[in-house]
Amino acid sequence: MRCCFSAHLPALAALSAFPGPCEVLRSGARLAPALLRTASAAMQRARSHHPDDLTAVNLELVTLTEDTAVITWYTGIPGTDDGLGHPLPAITEGEVVYGTHPSRLNRTSSEGRPTAHHQVELTDLEPGQTYYYQARSRGVAATPTPLHLVRGNAVGTSTFGFGPGGGPYSFTTPQPPPGRLLLSVALCNDLHLGETTAGLVGGLPLLRGVVQQPGRAPYPEIMSRALVEEARRRGADLLLAGGDISAGGAAHDLREARRILDGFGTHGRDYFVVRGNHDRFRNDGAGDDAFHNSFPGGDGPGYFARDLGGLRIIGLDTYVKTGNGADAGGLGPDQLAWFRARLRDAPDQPTLVFGHHPLTVRDSVFPVTRGQCLDRRQARSILDAYASAPGVFLHHAGHTHRNKRTVLTRAPHVTQQEVAAAKEYPGGFTLLRIHSGGYALNHYKAGDPAARQWSERSRRVAAGLWPHHALGRSVTDRNSVTSHDLSGVTASRGVNRT
């Protein structure tokens with residue numbers, strides 16, 4: 001006879017996906033002031049303005065390498081509203097003036113055409129040099145994306161220039177990774193083909209989502225195609241897509257994702273894909289695994305290991321289970337045993353692991369639930385395996401839709417890198433550049449005009465609080481350099497491309 005407690009197990013399992021009271025109170029304390037600021041800003045926008053006035057906002061230092069910097073901002077018409085509390089676009093020129101002293105901004109970089117969604121790339125910078133810059137449109141200095149909820153900095157590597165004047169702000173370029181460049185890998189996740197509303201599941205169910213403007217193509221397709229194009233333009237030799245390729249595991253969405261990703265190259269050679277919780281098996285009576293049909297191959301149903309010129313790529317299926325996708329990720333005992341065995345076989349081989357769910361989620365502005373990461377016991381087991389495998393240097397995960405770099409004391413030689421969703425703000429991918437003596441991680445927004453437009457529109461997810469979560473609280477959450485012996489990688493650039 002089934003006891004009364006067991007009769008309630010399904011309900012208890014569902015409740016476990018919700019945040020605990022402490023998480024709710026902690027997030028509420030952070031979010032309430034920001035919501036009040038948002039309401040105050042809306043009242044300010046309602047005031048009348050001269051028709052020639054311009055607002056330049058949402059300045060961000062997105063990418064910072066040893067010799068380049070990519071800076072973005074938005075220009076709008078004051079006093080207007082697109083229906084999401086955001087000013088209508090003002091199409092105009094944009095430029096960045098910069099130099100090595102705040103009073104001598106004697107270099108200029110500008111765009112090729114007027115736009116409202118500005119993106120300027122500074123090139124030929126010197127490694128280890130501090131630069132000062134100001135972004136301008138029609139003489140108006142752009143102001144930063146505020147990240148006060150996370151005490152973050154969207155525009156530089158120091159707080160120089162913060163205040164009401166629009167800068168100049170500052171950043172210091174890193175030194176390049178040691179050794180020669182071997183190959184580059186584009187890391188992406190959360191394409192969500194088939195999705196029609198962004199932000200419906202974000203820990204804040206009372207806030208409305210954001211939809212595409214009428215007449216425009218579906219935003220997951222725009223962003224995915226732009227990602228592929230940008231990854232190729234940035235010189236990626238390989239592409240790894242870390243799950244949630246579709247919005248719900250539908251066969252037609254996964255087939256469309258396959259067509260888009262085939263624009264990068266050949267599946268299983270030029271790019272590799274793993275399953276996310278949104279790609280879970282759909283028991284629709286056909287008995288088919290739509291994800292596996294679209295992206296076949298592997299050492300198991302959805303996991304694999306590949307040796308690419310000395311670099312071992314391990315792809316994990318972090319939702320080998322039944323469920324609605326809201327619970328914690330799980331590898332299953334067979335996959336976990338297989339994974340630990342692979343690391344024991346060659347513990348010193350340079351190894352990159354990617355899977356959808358992160359091992360842990362820290363410093364989140366929104367309430368953290370069990371469903372945001374891998375099962376805790378399995379995560380500890382993986383970390384124990386990493387501790388005995390010095391060749392593992394990177395664990396790439398998605399699922400949280402944010403840029404976040406974490407180093408755990410149990411395996412400090414492994415960077416845990418969460419990468420923001422491809423399908424919405426900030427919208428793009430992270431480029432891993434592997435050198436013989438280390439590696440760099442650099443986040444890039446998709447540069448296609450339609451992708452820039454949607455990225456700006458979708459920053460209004462969670463009532464405009466999304467940048468606090470998704471961008472990365474610091475430049476180093478999305479751009480970092482790490483020393484690591486990768487001399488065992490023998491592949492040279494372009495080895496897998498035709």
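**Close-up views of a predicted model**

**View 1. An open sheet of three strands, in the order S1-S2-S5.** In this predicted model, the pairing within the sheet is antiparallel. The edges are taken by S1 (55-64) and S5 (117-122), and each has a single partner strand, so one side of each goes without a neighbour in the sheet. On average, neighbouring strands here are turned by 20 degrees against each other, ignoring direction. Zoom in on S2 (residues 69-76) and S5, and you'll find six bridges holding to the antiparallel sense. One spot to pick out is Val70, which sits opposite Glu121 in S5.

**View 2. Helix H9 packed on the sheet.** Same sheet, now with its helix. H9 covers residues 449-458 and touches S1, S2 and S5. The direction of H9 makes about 115 degrees with that of S5. While you're in this part of the model, look for a network of salt bridges that links Glu60, Lys445, Glu456 and Arg459. Two of its members can be placed by number: Glu60 falls within S1 (55-64), and Glu456 falls within H9 (residues 449-458).

**View 3. Strand S6 and its partners.** S6 spans residues 130-137 and is mostly covered, with six of its eight residues buried. Strand S3 (residues 95-99) runs antiparallel to S6 and is joined to it by five bridges. In that pairing, Val97 stands opposite Gln134 of S6. S6 also runs antiparallel to strand S8 (residues 169-172), this time with four bridges. Here two tyrosines meet up: the bridge partner of Tyr133 is Tyr169 in S8. As a general reminder for reading any such view, side chains in a regular strand alternate between the two faces of the sheet.

**View 4. The hairpin of S6 and S7.** S7 is just residues 140-141, and it pairs with S6 in the antiparallel sense over two bridges. Arg136 faces Ala141 of S7 across the pairing. Two residues lie between the strands of this hairpin, and Arg138 takes a positive phi near 55 degrees.

**View 5. A salt bridge between Glu195 and Lys423.** The side chains meet at 2.7 Å, N to O. This pair links distant parts of the chain, with the two positions 228 residues apart in sequence numbering. Glu195 comes from the loop between S9 (181-188) and S10 (197-198). Lys423, for its part, comes from the loop between S19 (415-418) and S20 (428-435). Are these two charged residues buried or exposed? With the cut-off for buried set at under 20% relative accessible area, Glu195 is buried at 13%, and Lys423 is buried at 3%.

**View 6. A salt bridge between Glu230 and Arg234.** The side chains of this pair come together at 3.1 Å, N to O. Glu230 has a relative accessible area of 5%, so it counts as buried. Arg234 is buried too, at 16% relative accessibility.

**View 7. A salt bridge between Arg275 and Asp289.** The N to O distance for these side chains is 2.9 Å. Both residues lie in the loop between S13 (271-274) and H6 (290-294), so the pair ties together parts 14 residues apart in sequence. Arg275 is buried, with a relative accessible area of 5%. Stepping back, a search of the whole structure turns up 21 salt bridges. Side chains of opposite charge can pair when their charged atoms come close.

**View 8. Two buried cysteines, Cys188 and Cys373.** How many disulfides does the structure hold? Zero. Cys188 is buried at 0% relative accessibility. Cys373 is buried as well, with a relative accessible area of 12%.

**View 9. The protein as a whole, for orientation.** The secondary structure adds up to 10 helices and 22 strands. Of the 498 residues, 55% are buried. Among contacts with a separation of 6 or more, 73% are between residues 24 or more positions apart. The accessible surface is about 20400 Å², and carbon and sulfur atoms account for 54% of it.

Key:
Residues numbered from 1 in each chain as written. Predicted model: local features only at pLDDT ≥ 70, side-chain atom pairs only at ≥ 80, totals over all residues. Heavy atoms only, no water. Pairing = 2+ DSSP bridges. Axes fitted to C-alpha atoms, helices over the stretch in contact; angles between N-to-C directions. Contact = heavy atoms within 4.5 Å. Buried < 20%, exposed > 50% of the residue type's maximum accessible area, 1.4 Å probe, protein only. Areas by Shrake-Rupley, 256 points an atom, 1.4 Å probe, with all protein chains shown as cover. Disulfide = S-S within 2.5 Å. Salt bridge = Lys/Arg side-chain N within 4 Å of Asp/Glu carboxyl O.
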